[in-house]
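Colleague: I should like to go through the terms used for this model one by one. Please set each value against its definition.

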Amino acid sequence: MTSPVRLALLGCGTVGQEVVRLLHEQSADLAARIGAPLEIAGIAVRRLGRDRGDLPVDEDLFTTDALGLIKRDDVDVVIEVVGGIEPARGWLVEALRAGKSVVTANKALLAEDGVALHEAAAEGGGDLYYEASVAGAIPLLRPLRESLHGDRINRVTGIVNGTTNFILSAMDATGAGFAEALEEATALGYAEADPTADVEGFDAAAKAAILASLAFHTRVGAADVHREGITEVTAADMASAQAMGCTIKLLCIAARGVDASGRETVSVRVHPAMIPRSHPLASVGDAFNAVFVEADAAGQLMFYGRGAGGAPTASAVLGDVVAVSRNRLAGVRAASESAYADLSVRPMGEALTRYHVSLDVADRPGVLASVASVFARHDVSIATVRQGSAGGSPGRDGDAELVIVTHVAPDAALAATVGELRGLDIVRSVTSVLRVEGGA
């Protein structure tokens, strides 16, 4: 065997500790796969002296000087599992410009400023790998950028946040409301003390940007992604979905399309949506992730597994470490960023989707015709209408419930339709608006 490949580990939290454990437990196998042993040159942490249990590593490897560790001449590969934008961006740019390879799980940084990282990698000649940034242990990004590189990907639809999937799955199974399901997710450790990044869709949006960039050979950032969370999804919404033979999932959707001038574009969005029970993603429960890929030649592919957690994420990190280490020993580097297509990102208003709209309306003749005329004015075709009683209120006409599902239309036309409905005297309230995906 040749000289060891020396690793700098930035961060030693849940994921970092699992990386250290796996490096120790699988050292012989990893060395055989690479052709050289892996050695930890140092571990950068915020505070020294913290209790890290029986972590199999010498205390003198820990340092609070991350930048100093990165600049050391004996460091070949930098592993970053700290997260956040800064100071991680500065550290990784420094490492890449110095010719070191980088393995990162930092989805937020990649979605915010992946361009700077790729440019630094090209300048320094090292590799930038980030399998662990999306869907944990699921082999997903490398198939998109390598295995399917000879194909044309048309659409990527995924459940890429375990916390929100657990919450929506619990609401579907038990009839609980959002607050109750979130409380359960927190108690079981699936939700952070501050779950904003998850339940408001920020985490999924960052992952959607990474997936779209790889799938469509186009630079897509977090700001390009339309984002909605799940905090407004109610038990009544879930019951309506069940009545239609559907469930509700927080989906990331990235798709090719064309604009009004006929130019090819992409749309990237994250929002809750109804999908039919027959769709492969509908059965993805608990905190699992799954991504459904549609390509010209390969057809439909689905990737499924645990999308988060220390051990699954560390598994993806080490897979990348093996790849970049083998490249270094062979004196080669992986293919650089592929952004040749440079497609424009379509605004959400031009995305084609369907709406499920629940209305509380006055129960009197002509109401349905008036509501239908609003849809017609915006060139939105109605697929189904269901009517039921919503009870009455003293001193006014009784109320009725109208549940309308549309055919496919531009999101802007659908949103404008709902906006006009809110202003009708006969509409007491628009009680729910959800998109419908997957042919329900």
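The discussion below takes up the sheet, then a pocket, then a cavity.

Modeller: Please bear in mind that this is a predicted model.

Colleague: How do you know that β2 and β3 pair?

Modeller: Two strands count as paired if at least two bridges are found between them. Strand β2, residues 38-44, and β3 are joined in the parallel sense over 2 bridges, so the pair meets that requirement. One position to look at is Ala 44, which stands opposite Thr 63 in β3.

Colleague: What is the order of the strands in the open sheet?

Modeller: The open sheet has 6 strands in the order β3-β2-β1-β4-β5-β6, and the pairing is parallel.

Colleague: What makes β3 and β6 stand at the edges?

Modeller: β3 (62-63) and β6 (128-129) each have a single partner strand, so one side of each is left without a neighbour in the sheet.

Colleague: Which helix lies across β1, β2, β4, β5 and β6?

Modeller: That helix is α12, residues 310-330. The angle between α12 and β5 is about 170 degrees. Angles are taken between N-to-C directions on a scale from 0 to 180 degrees, so the directions of α12 and β5 are close to opposite.

Colleague: Which residues are closest to the centre of the second largest pocket?

Modeller: The second largest pocket has a volume of about 610 Å³. Of its 35 lining residues, His 118, Tyr 130, Leu 214, Glu 337 and Ser 338 are the closest to the centre. Helix α5 (107-124) gives the largest share of this lining, 10 residues. By type, the lining of this pocket comprises 16 nonpolar, 10 polar and 9 charged residues. At least three of the lining residues come from each of domain 1 (5-136 + 310-330) and domain 2 (141-306).

Colleague: Why is the other space called a cavity and not a pocket?

Modeller: In a cavity a 1.4 Å probe fits but cannot get out, whereas a pocket is open. The search of the whole structure finds 1 cavity of 30 Å³ or more. The largest cavity holds about 50 Å³ of space, so its volume passes that cut-off.

Colleague: What lines the largest cavity?

Modeller: The lining consists of Tyr 129, Tyr 130, Glu 131, Leu 141, Arg 142, Arg 145 and Asp 320. Helix α6 supplies the largest share, 3 residues.

Colleague: How many residues of that lining are nonpolar, polar or charged?

Modeller: The lining of the largest cavity has 3 nonpolar and 4 charged residues, and no polar ones. Tyr and Leu count as nonpolar, and Glu, Arg and Asp as charged.

Conventions
Residues are numbered from 1 along each chain as its sequence is written. This is a predicted model: local features need pLDDT of at least 70, side-chain atom pairs count only at pLDDT 80 or more; totals for chains, interfaces and linings use all residues. Side-chain values use heavy atoms; hydrogens and water are left out. Helices (H or I, at least four residues) and strands (E, at least two) are DSSP runs, numbered from the N terminus. Contact means heavy atoms within 4.5 Å. On a 1 Å grid over the protein atoms alone, a cavity is a set of points where a 1.4 Å probe fits but cannot get out, and a pocket is an open set with protein on both sides within 12 Å along at least five of seven lines; lining residues have an atom within 4 Å of a point. Grid points are joined across faces, edges and corners, and a volume is the space filled by probe spheres set on the points. Domain bounds come from an automatic or database domain assignment.
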